[in-house]
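Student: Hi! I have a new structure to look at and no idea where to begin. Could you walk me through it?

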Amino acid sequence: MRGKPVNSVPRNKFPVWHLAGAVLLGLLAGCTPPEPLQRFWSVESLCTGPTVRIRIFQQFEVSRARFDLSDGALVLCDENGAPIPRPPKTNYVYVSLRENQVAVAFEPGPEAAQQAVKFSKIWVRAVDARLVFIKLSVPELNIRRNYEGGGIEVSVKYGRLAFVNQLPLELYLARVLPSEMDPEHFTAEALKAQAVVARTWALKNGSRHGRFGYNFCDATHCQVYKGRFLVSRRAERVVKETLGEVLIYQGHLAEGFYHSTCGGNTAFVHEVWGGSPVSYLSRVEDRWRSGNRPYCARSPFSEWTIWTSLRRLQRLMKAEHWMGETEELQDVKVDMVNFSGRVQRILLVTNQRTRTVPEESFRRLLNQEFGKTKILSKFYEIEVDGQQFKLSGKGLGHGVGLCQWGARGMAQHGFGYPEILRHYFQGTSLAEHYGNSRASGNSPTSTP
Ligand SMILES: [Zn+2]
Ligand SMILES: [Zn+2]
């Protein structure tokens, strides 16, 4: 976002505004926003550390949007970082997709869009390095949302408008934390443990979408991010209180995995995703001592049951060609469990033969059929009594790393977040990657 000298603006692109351009440019280049917004915010200290680029609306086809530039701290810039002049008293900027470029108009409607000046990329950003507040409307998605940080870049990728919100990592963490762990229902120490794990994950995985020019998408593939949609002061506070803190193992950033509820013990990472074992992502008994209830026992997903009939399962399995038309399902068993107790393979017994199916296929088939009452984890047992099929399960999620509900239970038992993290990631230690006591700008998540 380096600004080019003002005279580098290609004025011939602005047939209507070329006369007013010089005046406007002067105003924009030297304009001081009437009110430094961040003075009213509680997030100033969240500007320490690296910056991340988040692709917003990534999974949607967006061809037009409107920015509200009424905040004086905002400036509209072209692909070279030079201010784009705009007519006086225009608060809105309409961007649309035209001939594989970003067309910029200051009036709504198709006519204005026809005559709009086109750019390969534009920026709506802060006049200087301050935080800004950007109001963005996307009519195709019926979304009006507020974003903050250094700005939003608009370009064209694969025939659609691509929006990238650039903001400090710490601020991003404060905004994603509430969708990963409800700040109103989780104690501060559990929230801090989650913040450290999410930060560690982000710093380790910053190149996830690197070749496309951004760090993370805004969907569950990375972390759900909706700008200032979920604003929680508690989340901001725990991020600040753990500012820059990460988990390290043998001097390197650890893998920050987490899940909702382990159900009694966590899982080995290699049993879930293959690859080599990782010593700090091993099975951990999630309780004070054997015989005690698990720390995550108060999770709503601690225990769950699915009841159905063998006849219904038989119909499903025949449709899937797991059984022949003339076969009759007599029993379903867990055929194999892994070292952390999760199911790996299922055995089907019919009146003619037995066959095994991978657990993933079995779970997918049942979950398609049962809708809301799903198999929530691989941690379950099966009982068949006559025609009755009963599946009793524990936990929610893959079971690797931090058990969020377990962290909540530990915090309620008086443990602090360093102890919680040491429990789930054994052999790791906490380190300050950056923070108030260090120089900022140490940025492994390089901004492409
Ligand atoms: Zn992603
Ligand atoms: Zn647990």
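Tutor: Happy to; we can start with the overall make-up and then go through some cores, sheets and loops. Keep in mind that this is a predicted model.

Student: Okay, how many helices and strands does the protein have?

Tutor: There are ten helices and 23 strands. The protein has 448 residues, and 42% of them count as buried.

Student: And among contacts between residues at least 6 apart in sequence, what share joins residues at least 24 apart?

Tutor: That share is 67%.

Student: Let's go inside. How many residues does the largest nonpolar core have?

Tutor: The largest nonpolar core has 95 residues. Val95, Ile122, Leu173, Leu177 and Ile420 are the ones with the most contacts inside it. Helix α4 gives the most to this core, with ten residues. Apart from it lies another core, of 17 residues, including Val343, Phe379, Tyr380 and Phe389.

Student: Is there a general idea behind cores like these?

Tutor: Yes: in soluble globular proteins, nonpolar side chains tend to be buried together.

Student: You mentioned Leu177. What does Leu177 touch, leaving out residues up to four places away in sequence?

Tutor: Leu177 touches Pro183, Leu191, Gln194, Ala195, Ala198, Ala235 and Val239.

Student: Which residues of helix α5 are buried?

Tutor: In α5, residues 233-241, the buried ones are Ala235, Glu236, Val238 and Val239. They are on the same side of α5, because they cover an arc of only 170° around the axis.

Student: And what covers the buried residues of α5?

Tutor: The cover includes α3 (169-180) and α4 (188-204).

Student: α4 again! Let's switch to sheets. Which one does α4 pack on?

Tutor: Let me describe the sheet before the helix. It is an open sheet of three strands in the order β14-β13-β23, with antiparallel pairing. The edges are β14 (252-253) and β23, each with a single partner strand, so one side of each is left without a neighbour in the sheet. α4 packs on this sheet and touches β13, β14 and β23. The direction of α4 makes about 70° with that of β13.

Student: How many bridges join β13 and β23?

Tutor: Four bridges join β13 (residues 245-249) to β23, in the antiparallel sense. Glu245 stands opposite Glu432 in β23.

Student: Is Glu432 buried or exposed?

Tutor: In between: Glu432 is partly exposed, because 13 other C-beta atoms lie within 10 Å. Glu432 belongs to strand β23, which covers residues 429-432.

Student: How far apart are Glu432 and Leu247 in sequence and in space?

Tutor: They are 185 residues apart in sequence and 8.7 Å apart in space, C-alpha to C-alpha.

Student: Neat. What's the strand order in the sheet with β17?

Tutor: The order is β17-β18-β19, an open sheet of three strands with antiparallel pairing. β17 (329-337) and β19 (354-358) stand at the edges and have a single partner strand each, so one side of each is left without a neighbour in the sheet. On average, neighbouring strands of this sheet are turned by 25° against each other, direction ignored.

Student: How do β18 and β19 pair, and what lies across β17 and β18?

Tutor: β18 (residues 343-350) and β19 pair over five bridges in the antiparallel sense. Leu348 stands opposite Arg355 in β19. Helix α7 (residues 310-319) lies across β17 and β18, running at about 75° to β17.

Student: Which strands form a hairpin?

Tutor: β20 and β21 do, with two residues between them. β20 (residues 380-385) and β21 (residues 388-394) run antiparallel and are joined by six bridges. Asp385 stands opposite Gln388 in β21. In the turn, Gly386 has a positive phi of about 65°.

Student: What about positive phi in residues other than glycine?

Tutor: As background, most residues other than glycine have a negative phi. Phe57, though, has a positive phi near 55°, and Asn142 has a positive phi of about 55°.

Student: Where are those two, and are they buried or exposed?

Tutor: Phe57 is in the loop between β1 (51-56) and β2 (64-68). Phe57 counts as buried because it has 21 C-beta neighbours inside 10 Å. Asn142 is in the loop between β8 (132-138) and β9 (143-149). With 7 C-beta neighbours inside 10 Å, Asn142 counts as exposed.

Conventions:
Residues numbered from 1 in each chain as written. Chains lettered and ligands numbered in written order. Predicted model: local features only at pLDDT ≥ 70, side-chain atom pairs only at ≥ 80, totals over all residues. Buried ≥ 20, exposed ≤ 12 C-beta atoms within 10 Å, placed from the backbone. Arc of directions from axis to C-beta. Contact = placed C-beta atoms within 7 Å. Core = buried A, V, L, I, M, F, W, Y, C linked by C-beta atoms within 7 Å. Pairing = 2+ DSSP bridges. Axes fitted to C-alpha atoms, helices over the stretch in contact; angles between N-to-C directions.
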